[in-house]
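Colleague: Please give me a close look at one part of this model, the two ion pairs and the sheet around them, and tell me which residues are involved and how they sit in the chain.

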Amino acid sequence: VEVDVDEGRYLRLMAMLSGPMIEKEQRRYSLPGGLTLEVNSVDPQLDTGFFYAEVEFSSEESAHAWTPSGALTSYLSHEVTGQPGESMAAYWERTRE
């Protein structure tokens with residue numbers, strides 16, 4: 001879930017964390033059909049850092065119907081959505097608690 005927060009709310013939320021905030025840098029690339037590829041670097045300065053990519057869809061049905069083409073086929077071939085241990089919450093538990 002993404003929400004806009006003002007500086008005051010941001011500082012209050014940061015104070016609730018039990019460990020350092022996860023750093024995430026994102027780049028976006030336009031794809032055919034009006035889709036956007038989001039490539040994320042998570043905690044790049046840490047040994048636990050990793051990259052992941054995702055494409056956002058308007059519905060679960062359209063996500064399942066989509067097949068990457070060309071060079072993206074191998075780049076986006078390892079789907080982990082919904083797999084245990086692959087969420088940002090699971091990463092937090094592994095690296096922050």
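Modeller: Asp-43 counts as buried, at 0% relative accessibility, where buried means under 20% relative accessible area, exposed over 50% and partly exposed in between (1.4 Å probe, protein chains only). Everything here comes from a predicted model, in which local features need pLDDT of at least 70 and side-chain atom pairs count only at pLDDT 80 or more, while totals for chains, interfaces and linings use all residues. Residues are numbered from 1 along each chain as its sequence is written, and side-chain values use heavy atoms, with hydrogens and water left out.

The partner of Asp-43 is Arg-96, and the two form a salt bridge with their closest N and O atoms 2.7 Å apart; the term requires a side-chain nitrogen of Lys or Arg within 4 Å of a carboxyl oxygen of Asp or Glu. Arg-96 belongs to helix 4 (residues 88-96), whereas Asp-43 sits in the loop between strand 2 and strand 3 (50-55), so this pair ties together parts that are 53 residues apart in sequence. Helices (H or I, at least four residues) and strands (E, at least two) are DSSP runs, numbered from the N terminus. Arg-96 is buried as well, with a relative accessible area of 10%, and with Asp-43 at 0% relative accessibility neither end of this pair counts as exposed.

The structure holds 2 salt bridges, and the other one joins the side chains of Arg-28 and Glu-38, at 3.8 Å from N to O. Arg-28 lies in strand 1 (residues 24-30) and Glu-38 in strand 2 (residues 36-42), so here the pair ties together parts that are 10 residues apart in sequence. The two ends of this pair fall into opposite classes: Arg-28 counts as exposed, at 52% relative accessibility, whereas Glu-38 is buried, with a relative accessible area of 6%.

The burial of Glu-38 can be set beside that of the strand that carries it, since 6 of the 7 residues of strand 2 are buried, so strand 2 is largely enclosed by the rest of the structure. Part of its surroundings can be read from the strand pairing, which is called when DSSP finds at least two bridges between two strands. Strand 2 pairs with strand 1 in the antiparallel sense over 7 bridges, and one of the matched positions is Glu-25, whose bridge partner in strand 2 is Ser-41. Strand 1 and strand 2 also form a hairpin with 5 residues between them, and in the turn Gly-33 has a positive phi of about 80°. The salt bridge between Arg-28 and Glu-38 therefore runs between the two strands of this hairpin, strand 1 and strand 2.

Strand 2 is joined to strand 3 as well, by 6 bridges, and these two strands run antiparallel. Within that pairing, the bridge partner of Leu-37 is Val-55 in strand 3. Strand 2 thus pairs antiparallel with strand 1 and with strand 3, and in a regular strand the side chains alternate between the two faces of the sheet.

To draw the part together, the salt bridge of Arg-28 and Glu-38 links strand 1 to strand 2, while the salt bridge of Arg-96 and Asp-43 links helix 4 to the loop between strand 2 and strand 3.
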